[in-house]
Amino acid sequence: NPLKTTRIYLLILYLEKKWGYHFPMGGTYAIVKAMEKLLKEQGVKIRTSSEVRSIGVKNGRVSGVNLANGEQISSQYVVYNGDIPYAYKYLIPKEYCGYWTEKRIDSLKYSMGLFLWY
């Protein structure tokens, strides 16, 4: 919340004044493409345009994802770049949500999101 945590914004201002502004050549999408290239070079298979119906959990650990088309993809790791309350409410089996009950999620007050990469 920027109204309660102003120090982080002062840090950003300081860093920008000290070292200047830096933008990726080709825009933010160039970062995405570079990360995709790096991951593929490391042998990571990237799937896009696949709707995830649920995140599978087995023995308290992620076991993969279940897609809307019925396909199940087994995996030791799942990288989720979505809204955490959404994941707990709709994607993760209720018995593994613990503290994140629907009532708790529905009572959350959301603020703007921000992503900084230093």
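Which residue is the bridge partner of Ser54 in E2? I opened my notebook with that one, and the partner turned out to be Asn66. A reminder to myself before going on: this is a predicted model.

**Entry 1: the overall layout**

I looked up the elements and found 4 helices and 3 strands in the chain. Read from the N terminus, they come in the order α-α-β-β-β-α-α. I also checked burial, and buried residues account for 12% of the 118 residues. Next I asked how far apart in sequence the contacts reach. Of the contacts between residues at least 6 apart in sequence, 28% link residues at least 24 apart.

**Entry 2: the sheet**

I went to the strands and wrote down an open sheet of 3 strands, ordered E1-E2-E3 and paired antiparallel. E1 and strand E3 (72–74) are the edge strands, each having a single partner, so one side of each lacks a neighbour in the sheet. I noted the twist as well: neighbouring strands here are turned by 25° against each other on average, with direction ignored.

How many bridges hold each pair? For E1 and E2 I counted 6 bridges in the antiparallel sense. For E2 and E3, also antiparallel, the number is 3.

Then I came back to Asn66 from my opening question. Besides being the bridge partner of Ser54, Asn66 stands opposite Gln72 in E3. I added one further pair to the page: Val65 faces Ile73 in E3.

**Entry 3: the two hairpins**

I looked at how the strands are joined. E1 and E2 make a hairpin with 2 residues between them. Asn59 sits in that loop between E1 and E2, and its phi is near 55°, a positive value in a residue other than glycine. Is Asn59 buried or exposed? At 74% relative accessibility, Asn59 counts as exposed. Gly60 lies in the loop between E1 and E2 too, and at 54% relative accessibility Gly60 counts as exposed; the cut-off for that label is over 50%.

E2 and E3 make a hairpin with 4 residues between them. In its turn, Gly70 has a positive phi of about 95°.

While I was on the subject of positive phi, I also noted Ser49. This residue is in the loop between helix H2 (28–41) and E1. Phi of Ser49 is near 55°, again in a residue other than glycine. At 83% relative accessibility, Ser49 counts as exposed.

**Entry 4: helix H3**

Which residues of H3 are buried? My list reads Pro85, Ala87, Lys89 and Leu91. I checked what they pack against, and the buried residues of H3 meet E1 and helix H4 (102–106).

The lysine caught my eye, so to speak. Lys89 is in helix H3. Why does Lys89 count as buried? Its relative accessibility is 17%, and the label buried applies under 20%. I then looked up its contacts, leaving out residues up to four places away in sequence: Lys89 touches Lys94, Glu102, Ile105 and Asp106.

**Entry 5: the second largest pocket**

I turned to the second largest pocket, which holds about 200 Å³ of space. Its lining is made up of Ile55, Val57, Gly60, Arg61, Val62, Val78, Tyr80, Ile84, Ala87, Tyr88, Ile92 and Tyr96. What kinds of residues are these? The lining divides into 10 nonpolar, 1 polar and 1 charged.

I sorted the lining by element next. Strand E1 (52–58), strand E2 (61–67) and helix H3 (84–91) each give at least two residues to it. H3 has the largest share, with 3 residues.

Two of my earlier residues turn up again in this lining, Gly60 and Ala87. Ala87 is one of the buried residues of H3, whereas Gly60 counts as exposed. I also looked up a separation across the lining: the C-alpha atoms of Gly60 and Tyr96 are separated by 7.0 Å, although the two residues are 36 apart along the chain.

**Entry 6: tying it up**

To close the page, I put the pieces side by side. H3 packs its buried residues against E1 and H4, and H3 also supplies lining residues to the second largest pocket, as E1 and E2 do. E2, for its part, pairs with E1 over 6 bridges and with E3 over 3.

Methods: Residues numbered from 1 in each chain as written. Predicted model: local features only at pLDDT ≥ 70, side-chain atom pairs only at ≥ 80, totals over all residues. Heavy atoms only, no water. 1 Å grid on protein atoms, 1.4 Å probe; cavity = no way out; pocket = protein on both sides within 12 Å on 5 of 7 lines; lining within 4 Å. Points joined across faces, edges and corners; volume = space filled by probe spheres on them. Nonpolar A, V, L, I, M, F, W, Y, C, P; charged D, E, K, R; others polar. Pairing = 2+ DSSP bridges. Axes fitted to C-alpha atoms, helices over the stretch in contact; angles between N-to-C directions. Buried < 20%, exposed > 50% of the residue type's maximum accessible area, 1.4 Å probe, protein only. Contact = heavy atoms within 4.5 Å.
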